[in-house]
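Can you walk me through a few spots in this protein model? Short questions and plain answers would suit me best.

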Amino acid sequence: MFILSIETSCDETSIAILSDRKVLSNITLSQIDEHKIYGGVVPGLASRLHVKNIQKVLRSCLDKSGISSLDKIDLVCYTESPGMAICLQIGKILAYTISSYFKKPILPCNHLHGHIFSSLIDRNEDLKFPSLSLVISGGHTQLYLLEDYDKIKMLGETLDDALGEFLDKSALVMGYKYPGGPKIEAKAKEKIFPKIINLPFPLNDKTFNFSFSGLKTKVFDLIKRKNRFDEFFDYSDLSYSIQLIAAKILVKKIANALIFFENLKINCLLVGGGVICNSFLRDYIKKKLIEIIKKRRIHMISFFFPKKKYSTDNAAMIGLNAYFLIKNKNKIT
Ligand code: KG4
Ligand code: ZN
């Protein structure tokens, strides 16, 4: 089965072609450079750039896939939600046009479910259920219980800012342009022994929810005071401390779920979303959770992290989600 998938929910125009679960091509055109000067994604501009670039992306995706014509495609799928409405509609219009012209079935997909399974791209293993998934992106921070590919229950989410949003805004106040997450990671690596700045741990409880806005205010305040009184820390100390507190919060919430669902014997943890490009977070989450699992004698889990190019928004993850839905006999409209 050849699957054509289209993703235009935010600032990446992305189209992929899969042969079952194998990605034949995945072309992503990022608009980051155009949005940088505004400090974040501007919806109207993003939508216009999707219109400008989408045909070019489709052409190179087809060329790279080795599929000679759209007629060979068996299923068209696209990101239906969540995302910016004026951006989503560009991908949806293209998907419906191809589907009606070539008389192919069409399947609307959920962007977050794409992120959930993105770590399974280019891997052949079948996922064991039940499993947990954490999605950490610019717009979302959510923890899920996965009972099957189409039985996904959200356990908790951020009550205010997403983790990526917190990183982007903190970086902006330090003077680093959007997207700030990679800048914070680079800054944090500068020192071998960074000074650890005490930052608050919001919602340090047994729930599955997150909160980052209080932390953001604390970071803004520290930067304001630093500029005024030249306090004794620099941005590599602050970046390292931000990463560290973020990692501790994520571990705590995942551990809450592992303990709460101990009887279910959770099999895997799948992490997705742009923020998991961060190597420090990957290593810390894995190391600390293994320590907790051993200490509490909980069922050992396997860890799935996406390749970096599939962490940020891409169409391949939407196509793979569609493949799993079809495999589980979900309806095609
Ligand atoms: O998943 P994504 O591409 O878009 C959304 O669906 O939001 O995630 C974008 C987010 C941004 O906040 C960006 O700063 C963050 O992912 N990000 C990172 C890194 N690379 C991207 N955060 C931390 N460390 C990174 N290396
Ligand atoms: Zn995303």
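Here come some questions and answers about two residues and one helix pair. This is a predicted model, where local features need pLDDT of at least 70, side-chain atom pairs count only at pLDDT 80 or more, and totals for chains, interfaces and linings use all residues. Residues are numbered from 1 along each chain as its sequence is written, chains are lettered from A and ligands numbered from 1 in the order written, and side-chain values use heavy atoms, without hydrogens and water.

Me: Is Ser65 buried or exposed?
Reply: Buried means under 20% relative accessible area, exposed over 50%, partly exposed in between (1.4 Å probe, protein chains only). Ser65 has a relative accessible area of 12%, so Ser65 is buried.

Me: Is Leu88 buried or exposed?
Reply: Leu88 is found in helix H3, residues 85-101 (helices are DSSP runs of H or I, at least four residues, numbered from the N terminus). The relative accessibility of Leu88 is 9%, so Leu88 counts as buried.

Me: How far apart are the C-alpha atoms of Leu88 and Ser47?
Reply: Along the chain, Leu88 and Ser47 are 41 residues apart. In space, their C-alpha atoms are separated by 8.3 Å.

Me: Are H6 and H8 roughly parallel or roughly perpendicular?
Reply: The axes of H6 (residues 180-188) and H8 (residues 235-260), lines fitted to C-alpha atoms over the stretch in contact, come within 7 Å and cross at roughly 115°. Angles run from 0 to 180 degrees between N-to-C directions; under 35 is roughly parallel, over 145 roughly antiparallel, 65 to 115 roughly perpendicular and the rest oblique. So H6 and H8 are roughly perpendicular.

Terms used
Helix = DSSP H or I, 4+ residues; strand = E, 2+ residues; numbered from the N terminus.
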